[in-house]
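Trainee: I'd like to practise justifying the words we use for folds and interfaces. Could we go through an example together?

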Number of protein chains: 2
Amino acid sequence: MATHQVLIAGQWRDSDATQTFQASDPRAATLIPEDYPVSSWAECEAALDAAGAAYTELREMPGEKIAAFLEAYATRIDARSEEIRTLAAQETALPAETRLVGELARTTGQLRAAAAATRSSAWQMPIIDSANNIRSCFAPLGPVAVFGPNNFPLAFGSISGGDFAAAIAAGNPVIGKANSMHPGTTRLLAEEAQLAAEETGMPAGTVQLIYRTSHSDGEKLARDPRLAAIGYTGSRNAGLVLKQAADSVGKPIYLELSSVNPIVILPGALKERGNEIAGELTGSCLMGSGQFCTNPGLIIVQNDDDGKQFIESVASQFSEQPVGTLFSLSGQNGLQSAIDTLTTAGATLVCGGTTGGGEGYSFSNTVLTVEGNQFLSHAEQLQTEAFGSSTLIVVSDSIEQTKAIIESLEGNLTGCIYSASDSTDDEHYNQIAPELRQRVGRLLNDQMPTGVAVSAAMNHGGPFPATGHPGFTAVGMPGAITRFAMLQCFDHVRSHRLPAILQDANPNQAWRLIDGEWSQSDVVSAPAE
Amino acid sequence: MATHQVLIAGQWRDSDATQTFQASDPRAATLIPEDYPVSSWAECEAALDAAGAAYTELREMPGEKIAAFLEAYATRIDARSEEIRTLAAQETALPAETRLVGELARTTGQLRAAAAATRSSAWQMPIIDSANNIRSCFAPLGPVAVFGPNNFPLAFGSISGGDFAAAIAAGNPVIGKANSMHPGTTRLLAEEAQLAAEETGMPAGTVQLIYRTSHSDGEKLARDPRLAAIGYTGSRNAGLVLKQAADSVGKPIYLELSSVNPIVILPGALKERGNEIAGELTGSCLMGSGQFCTNPGLIIVQNDDDGKQFIESVASQFSEQPVGTLFSLSGQNGLQSAIDTLTTAGATLVCGGTTGGGEGYSFSNTVLTVEGNQFLSHAEQLQTEAFGSSTLIVVSDSIEQTKAIIESLEGNLTGCIYSASDSTDDEHYNQIAPELRQRVGRLLNDQMPTGVAVSAAMNHGGPFPATGHPGFTAVGMPGAITRFAMLQCFDHVRSHRLPAILQDANPNQAWRLIDGEWSQSDVVSAPAE
């Protein structure tokens, strides 16, 4: 069978790869007999040059036209939904008729939200100082490389997900690097993206796809001056290598690396509805075999009878639930290794802890516990992310110890506090919330973190190492778009030369900050030039 | 004479330094006999701990209270203006009665603008999704270290300048590291800051001052987890060392490193008003002895009679103007070394080029030229920043060559295009403006870049290496403040636990993005909880 082609400069073409790889079918625990190329550096360069050429056209393009591309692409994904979901299910073991239906709808929804943001120019945050005739807005940055994760082949996919939609919405071409666990799914999406690009008259290098590079070429790509920014979601080690390369040349790189998503369940909440919360936790932890960035991996309860009963209840529910399939053999091995790290550092297995038990690549549903003192003495190892259906429950001696545990945590995407519905827990809440809030991108009350609404107010981000910069979200328009933008200021630039969004007239009634007030009006008193 | 004290945890105290340093009087070309300490690592740690303690109070503090501190501090600076300006003039050779009067007014103006931003909460950019009950805003990040530059002892000073005001306005404590060229000025400002902090009831470690550390302790400080972010303006080499340390632990660092601020003067403009522009350029280049971040260091004119006449006119005006005093011996040596780099790479001296000629540390007003082809063949060396009263004029053969020259440029703070007042130059403008705009933070028309208005629409930033992230400005509220903030999201957090700015009621009529519309209203339909 021929090796699959790469998409470069608007053409599907044979790769000059000397190496290939295959994805696996996790349920069958076998390789899928389709060869994907490991691109050479020459191929990366061809993509960089084509992206650069596309960028010079895209940066002048009206938002309307970019929006039309995003919408045409969403329509094409919908039309090919079944084939995409079927292949994604084979490559990831995610259910084609449930989870992937929802994920596909989220994907096309994001593309359409990006189209709306592009059309309204809201993401550009125009600011006009009419007295000084200084005007600024966000503008496209240049070619963006997107490295998508293994766990959302569609909604975070390199050629279809949030980073892709955000980068394109800002007017940047995207070089997608497929995740090696679902190259076929990414290929189908790229086919539709390319057809939509042709249909809507986008420049040839707007969307490009390679599948893999050598590690050294990946670093070289991250450093290359033709690439303006990077979006990366995936393993911490590989992400940090790319970060170092990008940082060394002052290039923005947005990373999502790892997160244990701490949840504190206060005594009043446990007493009031411990079993209910145990059920919620079980559902949240085991969903998608626990392979979520926002999977709750660290639970803190107090050392009393309610706490003990809660642990028993969670363990019993974990044990009763079917064991899911993991994405890959490396995921299965990685989970075992993380659990070993946790037990070596003093955590105790309550249930699970062994490889297998489900169809194909799998790992038993696992609950561990550890005492608060022990956690504090090995805090770094005990907050190792165990990516999969596993959670660690910390038994804390007091609210002061809970606070100390929180203070020992790295940055996380989310943090939750469950409290009694009355004010029983409020004093404890107030003691710990400021510390937790500081260490997470999103603070929740009485709710599991696994749902990540696509909302302008969402923050899917957080302090390092959860993400690379604490000021940006990866989910939610228009916020996610400004990651891939530069601030451009126009100082006494003649009116007719200004970008449309900064001119006096505002025919599309875009929101603009004019002389300190948000407004949809024209600039009233045209300044002298 | 005793070594000056450091300000740590609210107390002026003796340093445990084993080394000291002295600043120089640039006009006299001698050292000023006042000893300043090189702080030990233990002293840095004491400052970090005190800043951490202050932060836990500041992050809960109403904006009103922080605003009161900033305003009290501005009032105190005004009251001690003469003494501050006199010492600054001695340490920097900037004129106490002209330039420093303006700079002091800019400084207190910035502090008051920061106070206004804090009071209105506008910098927090609150976003409310009422249907999903998800709310987000920017919030303080933690202790910030500010390394101020040599060239604006007040307006960019470590304890008084834009980074200081922005970091405090966001609710972060500041550890100021004085610039070694004006430690005394910084000390006087810190004295007033501390008194204002006491007067307005700020926590003890809100403002702290050290003067210098060893290089290795500086790196250690940048990496330390107790420090949340860094603002640095200064030399490229030292900045890149700090950047590498901060990057390695995923810490935001905002840098302003170097910029040659290219100006293209199109043929029609030269024909129309070449002499006038030569006068503007001379004024802009020689102001403050050319020691401005936005000093025009690279001018592009076309190879014709008007271009030749322009160069003659600039050289003649440069030669006629008095030679100013530079900040330091190292600045004088650095300028000589940069000029040597430029001539070695093929630039020709038209005038100047020698050390001395003015009072104290000085360097003759210098104009160099180079042909376009030569520039393109040595583009990296020929865009070396020569910090001082020097400019390089590139003589370009054609608009295509001008475009190529622009494409060879690194990131810069500013870029200007002068064009004829009619449409004569418009075609050329359109060929080059998109490329120039991409490489600068601020694009100007028909105006020199040295003026940096304090405006919400200003961008004093730009692509690397001008600054460290192309999305942020260092001048202009509220934009500059968000550099020192994290995005915090509240997902189903109970109403009474939300920060005031995200609650339904909006008594101060802050601007908030509610369900996609900017508004000063309350949230109307309170969501179910």
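Trainee: How many residues of chain A are in contact with chain B?

Mentor: 56 residues of chain A are in contact with 56 residues of chain B, where contact means that the C-beta atoms, placed from the backbone, lie within 7 Å. Keep in mind that this is a predicted model, in which local features need pLDDT of at least 70 and side-chain atom pairs count only at pLDDT 80 or more, while totals for chains, interfaces and linings use all residues. Residues are numbered from 1 along each chain as its sequence is written, and chains are lettered from A and ligands numbered from 1 in the order in which they are written.

Trainee: Which elements supply the side of chain A that touches chain B?

Mentor: Those giving two or more residues are strand 7 (127-129), strand 8 (134-140), helix 15 (426-438), strand 20 (440-445) and strand 21 (485-491) of chain A. The element names stand for DSSP runs, H or I of at least four residues for helices and E of at least two for strands, numbered from the N terminus. Strand 21 of chain A has the largest share, with 7 residues. By class, this side of chain A holds 28 nonpolar, 17 polar and 11 charged residues. Here Ala, Val, Leu, Ile, Met, Phe, Trp, Tyr, Cys and Pro count as nonpolar, Asp, Glu, Lys and Arg as charged, and the others, Gly among them, as polar.

Trainee: Why is the relation between the two chains called a two-fold axis?

Mentor: Look at the rotation: 180 degrees, with 0.0 Å of shift along its axis, superposes chain A on chain B at an RMSD of 0.0 Å. The fit is by least squares on the C-alpha atoms of residues with pLDDT of at least 70 in both copies. That is the relation of a two-fold axis.

Trainee: And how do you know that the copies meet through the same surface?

Mentor: 100% of the interface residues of chain A are also interface residues in chain B, so the surface is the same on both copies.

Trainee: What makes strand 21 of chain A and strand 20 of chain B a pair?

Mentor: Two strands pair if DSSP finds at least two bridges between them. Strand 21 of chain A and strand 20 (residues 440-445) of chain B have 3 bridges, in the parallel sense, so they meet the requirement of at least two. You can look for A:Phe490, which stands opposite B:Leu443 in strand 20 of chain B.

Trainee: Which strands, then, are the edge strands of the sheet that holds this pair?

Mentor: The sheet is open, with 12 strands in the order 23(A)-22(A)-7(A)-8(A)-21(A)-20(B)-19(B)-14(B)-15(B)-18(B)-17(B)-16(B), and its pairing is mixed. Strand 23 (517-519) of chain A and strand 16 (348-351) of chain B are the edges, as each pairs on one side only. The twist averages 25 degrees from one strand to the next. Within the sheet, strand 17 (residues 366-371) and strand 18 (residues 390-396) of chain B run parallel over 6 bridges, and B:Thr369 has B:Ile393 as its bridge partner.

Trainee: Now the helices: why are helix 2 and helix 4 of chain A called roughly antiparallel?

Mentor: Helix 2 (residues 63-79) and helix 4 (residues 99-120) of chain A pack at about 170 degrees, with axes 8 Å apart. Axes are lines fitted to C-alpha atoms, for helices over the stretch in contact, and angles run from 0 to 180 degrees between N-to-C directions. Angles under 35 degrees count as roughly parallel, over 145 as roughly antiparallel, 65 to 115 as roughly perpendicular and the rest as oblique. Helix 2 and helix 4 of chain A are therefore roughly antiparallel. Their contact residues divide into 10 nonpolar, 4 polar and 5 charged.

Trainee: What makes helix 3 oblique to helix 4 in chain B?

Mentor: Helix 3 (residues 81-92) and helix 4 (residues 99-120) of chain B pack at about 125 degrees, with axes 10 Å apart. That angle makes helix 3 of chain B oblique to helix 4 of chain B. B:Ser81, B:Ile84, B:Arg85, B:Ala88 and B:Ala89 of helix 3 meet B:Leu100, B:Val101 and B:Leu104 of helix 4.

Trainee: Which peptide bond of A:Pro465 is cis?

Mentor: The one from A:Phe464 to A:Pro465, with omega near 5 degrees. A:Pro465 lies in the loop between strand 20 and strand 21 of chain A. A:Pro478 is placed in the loop between strand 20 and strand 21 of chain A, and a cis bond with omega about 0 degrees joins A:Met477 to A:Pro478.

Methods:
Two residues are in contact if their C-beta atoms, placed from the backbone, lie within 7 Å.
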